[in-house]
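This report is meant for someone meeting the structure for the first time. It begins with how the elements are counted and then moves from the whole chain to single residues.

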Amino acid sequence: MNKMIVSLSLLMVVVMSSSSPAADRVVLVIHGGVGTLTIDEMKSENHTREDYEAVLADSLRAGFKAIQAKGAVDGVEAAIRVLEDSPLFNAGKGAALTADGRAELDASIMEGRVTGSGEGKKDPRKRAGAVTGLMHVRNPIAAARAVMEMDQSRHSFMAGTGAEALVLNDANRAKFNIEKVENTYFWTERRLKQVRPEQRDHSTLPGRDRFVGTVGAVALVNGSLVAGTSTGGVSNKLPGRVGDSPVIGAGTYADDRACGVSCTGTGELFIRHAVAHDVAARMRYKSLGVVQAAKETIAELPDEDGGVGGLIALDTKGVPAFITSPKCDGMYRGYVTEKGDVFVAIFMKDEWKKK
């Protein structure tokens, strides 16, 4: 018991050092992964913190615009697409590569709606779509949405060549705006350096290089939640490895009776602890608020050098949570209010910056 109290106290000091989000209701939260690069590391890559902040702000604006026009699913997809198209994050362009130098991409999306007749080919309650091992789809989040929504499939989780065959047929490419690309499209010099000149085991990489940059979003519209996550996985992973990002309940979860969650971190651990679902379960069964539920969930994970990871969450009242394990230096993150005000932060000591 004492160990838990100490752990939770440390979590509050490390994680909540940023000023609290604005009093206005939040309608969209995003993350670009934990294990943020230091300022010197950003400089060595010819980037600045302002570069990261600009992409986060662009993501939030795109998501907010889509929410206003079409709703929460479009908002989550639009926000994540911006992050997938940026080489600064580990999703889409700039994704981590396998030990044999290929990009294998994962994504998932889920609706929190718990009402509906259940009639028809697809049950309208708690719809979800997930894909893993994609190598030729520019925006995996669009593929995950396609699996969730397409009429010709009752499936929720598709892998590899089967997933690509399904989402890359002419009809679905047009309907869901899915673009086919060569695997080399995803490569960046930084990621190539991580698999050359030797094939290093992923466990030898510094903590931040193992999972930095996984992206995710949670949107709230009319009391209903949608959550999504997209990633390239861990650097130098074995071909075929699957982490938590495409696993519903581990890396992504949404439930209109509680919250929506997107995770980032050591995927194997998040799978074993069903982290995303655990946050929602603590809210439902312990009557906790979203921030406390997220804190307790992360506090119970065994931490590691560089941090084990973190999550973002949003409840049905528009209250957000941005939580990391104590050893994480930060999380690329942001939120937008119902008024359209955009805020971003990177390191855990940061104040929220309005963009």
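Helices (H or I, at least four residues) and strands (E, at least two) are DSSP runs, numbered from the N terminus. What follows describes a predicted model, in which local features need pLDDT of at least 70 and side-chain atom pairs count only at pLDDT 80 or more, while totals for chains, interfaces and linings use all residues. Residues are numbered from 1 along each chain as its sequence is written, and side-chain values use heavy atoms, with hydrogens and water left out.

**The whole protein**

The secondary structure of the protein comes to 12 helices and 13 strands. Of its 355 residues, 60% are buried, where buried means under 20% relative accessible area, exposed means over 50%, and partly exposed lies in between (1.4 Å probe, protein chains only). Taking contact to mean heavy atoms within 4.5 Å, residues 24 or more positions apart account for 70% of the contacts with a separation of 6 or more. The accessible surface is about 14,000 Å², and 52% of this surface belongs to carbon and sulfur atoms; such areas come from the Shrake-Rupley method with a 1.4 Å probe, and for residues only the protein chains shown count as cover.

**Helix 3**

Helix 3 covers residues 49–69, and its 21 residues reach 31 Å from the first C-alpha to the last, close to the 30 Å expected at 1.5 Å a residue; the expected span is 1.5 Å times one less than the number of residues. The buried residues of helix 3 include Arg49, Tyr52, Leu56, Leu60, Phe64 and Ile67. Just after helix 3, glycine 71 takes a positive phi of about 125°.

**Salt bridges**

A salt bridge is a side-chain nitrogen of Lys or Arg within 4 Å of a carboxyl oxygen of Asp or Glu, and the structure holds 26 of them. The table gives three examples.

| Pair | Closest N to O |
|---|---|
| Lysine 339 and aspartate 24 | 3.6 Å |
| Aspartate 74 and arginine 145 | 3.2 Å |
| Arginine 127 and glutamate 149 | 3.7 Å |

Where in the chain do aspartate 74 and arginine 145 lie? Aspartate 74 lies in helix 4 (residues 72–84) and arginine 145 in helix 5 (residues 140–149), so their salt bridge ties together parts that are 71 residues apart in sequence. Both aspartate 74 and arginine 145 are buried, and the relative accessible area of arginine 145 is 12%. Leaving out residues up to four places away in sequence, arginine 145 touches Val73, Asp74, Glu77, Ile109 and Phe176.

For the second pair within this region, arginine 127 lies in the loop between strand 2 (105–111) and strand 3 (128–134) and glutamate 149 lies in helix 5, so that salt bridge ties together parts that are 22 residues apart in sequence. Salt bridges that share partners join Asp74, Glu77, Arg81, Glu111, Arg113, Arg127, Arg145 and Glu149 into one network. Glutamate 111 is found in strand 2 and counts as buried at 9% relative accessibility. Apart from neighbours within four places in sequence, the contacts of glutamate 111 include Val73, Lys126, Arg127 and Met148.

The salt bridge between lysine 339 and aspartate 24 links distant parts of the chain, with lysine 339 in the loop between strand 11 (330–337) and strand 12 (342–347) and aspartate 24 in the loop between helix 1 (2–15) and strand 1 (26–34), 315 residues apart. Lysine 339 is exposed, with a relative accessible area of 61%, whereas aspartate 24 is partly exposed at 25%.

**Loop residues**

Most residues other than glycine have a negative phi. Lysine 126, in the loop between strand 2 and strand 3, has a positive phi near 50° and is partly exposed at 24% relative accessibility. Serine 287, in the loop between helix 11 (275–286) and helix 12 (290–299), has a positive phi of about 60° and is exposed at 65% relative accessibility.

Lysine 317 sits in the loop between strand 9 (309–315) and strand 10 (320–324) and counts as exposed at 67% relative accessibility. Lysine 317 and glycine 223 are 94 residues apart in sequence and 7.3 Å apart in space, C-alpha to C-alpha. Not counting residues up to four places away in sequence, lysine 317 touches Arg25 and Leu220.
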